[in-house]
Amino acid sequence: MAIEIKAPTFPESVADGTVATWHKQPGEAVKRDELIVDIETDKVVLEVLATADGVLGAIVKNEGDTVLSDEVLGSIVEGGAATAAPAAAPAAAAAAPAAADGEDDPIAAPAARKLAEENGINIASVAGTGKGGRVTKEDVVAAVAAKKAAPAAAPAKAPAPAAAAPVFAAGDRVEKRVPMTRLRAKVAERLVEAQSNMAMLTTFNEVDMTEVMALRSKYKDLFEKSHNGVRLGFMSFFVKAATEALKRFPAVNASIDGSDIVYHGYADIGVAVSSDRGLVVPVLRNAELMSLAEIEGGIATFGKKARDGKLSMEEMTGGTFTITNGGTFGSMMSTPIVNPPQAAILGMHNILQRPMAINGQVVIRPMMYLALSYDHRLIDGKEAVTFLVTIKNLLEDPARLLLDI
C-alpha cells in the first residue's frame, strides 16, 4: 500500500516552502520516524519524517521545487523491499559455488583474506580477478583504497551550508551563480522593507563593562555549578537591562499596526543567533519574568538548535524587541536594522580596553559601544536616547537590576 508523504502544515505567516534535500531516493528502505526530506521556509527548515516502514516510492516534488502546505511530496510503499538489496546477491551467489568446492579457502588467497580482516573488509564483497574468480591480494588492496576514499566523497553529496561562499583558486577568472536560500531572500526583503517603510534612526552610547565583568568573573563558577552547567555570559545582563528599560519606556516595546499603536504588556526578546543558514532570531517569551540563569539557558538552547537546524516556527516568530551582538565577530560599531513590526533593536559590540577620564584621572576601562536603531514614527529622539542611557546606567551598576531602581 502506498502512503503519501505530505509537506507540513505551514502557519498563516508562511505561504509556501522549498524542497531543500531528499535524504532518501526511490527504492531505498525507510523506517518509521526516519528523516526523509527537508522543507525550507522563510524562517526555518522543517523535517518530514516517514510515517511507516517501507520503501520510498515516486518523488513528486524534487529538490528546489516550491510546495504548499500539506502538498504531496512523494510516497512510501509500505512493507516493500528495497531495490538496493539484490545488488549484494551476485557476490553471495558467486561465493556459494566456491564454497561447495570443499577447499579450505575457496574464494580468497590467504594473504588476501588476512589483509581484508585487518582492514574490516567483507571478503565476499570483493570482486575477484584471479583464476576462477579468486580474490587476490591486489583485489583487497583496491577495496581498501576505495573504502578510504568513500568517507571523503560522501560529504560532497550533502549541500554546502547556505551561508558558505564558493572558494576559488588564485588567478581563476570564473563566476558561480547560486540561488538565494529562502531565508536569505526573506531577510533581504525585510531589510529593504524596514528601510523603505520606517523613519529609522540610530542613537549611540558607550557602557563601562567593569562592574558586569567583575561580577561575572567572581560568580561564574558558582553560577555554573548552581544552575546545572548553565554558563554566565554577558547577554543575560543586557536582556535583563533591556526588559527593565522597556517597562519604563513602553513605546520602545510597541509596534505600529496600520493607524494604531499596539503596546505590549510583556517583553518577548528576540536574540540574534548565528547559524550555517545565516542569522536567525529566536524569541525569549516573557523575558521580563526570567532569571539570569533562565535567560542564559534559553539562549544556549537556541544556539544549539540553530546550529543543528532544529529551531521551530514558533520559536522564530513574534518578538517585541531584539538584541544583536556583533561584538562576538569583532564589530566595534554598527547600525542594526529594525525587525518589522518591532519599533527598535539594540546592538552590542566588541569590548575594548580604552583610556577613560574618571574623576579627573585617566584610567583604562573595558568599554563597549551600544547602538539603538528605532522607528522615529513611534519613538521620539529624547525617548530613544533616554532608553539607551537607562540600559547604560543599569549595566554600569548591576545592583540596580536587583534593587529595581
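Colleague: How much area does the chain expose, and how do you know?

Modeller: The chain exposes about 22300 Å², and carbon and sulfur atoms supply 55% of it. Accessible areas come from the Shrake-Rupley method with a 1.4 Å probe; for residues, only the protein chains shown count as cover. This is a predicted model, where local features need pLDDT of at least 70, side-chain atom pairs count only at pLDDT 80 or more, and totals for chains, interfaces and linings use all residues. Residues are numbered from 1 along each chain as its sequence is written, and side-chain values use heavy atoms, with hydrogens and water left out.

Colleague: Why is Thr203 called buried or exposed?

Modeller: Buried means under 20% relative accessible area, exposed over 50%, and partly exposed in between (1.4 Å probe, protein chains only). Thr203 has 13% relative accessibility, so Thr203 counts as buried. Of the 405 residues of the chain, 38% are buried too.

Colleague: What makes up the surroundings of Thr203?

Modeller: Leaving aside residues up to four places away in sequence, Thr203 touches Leu370, Ala371, Leu372, Tyr374, Ala384, Val385 and Leu388. A contact means heavy atoms within 4.5 Å. Thr203 itself sits in strand β9 (residues 200–208); strands (E, at least two residues) and helices (H or I, at least four) are DSSP runs, numbered from the N terminus.

Colleague: And Asp257, why is that one buried or exposed?

Modeller: Its relative accessible area is 52%, so Asp257 is exposed. Asp257 belongs to strand β10 (residues 255–257), and its C-alpha is 7.9 Å from that of Pro341, 84 residues apart in sequence.
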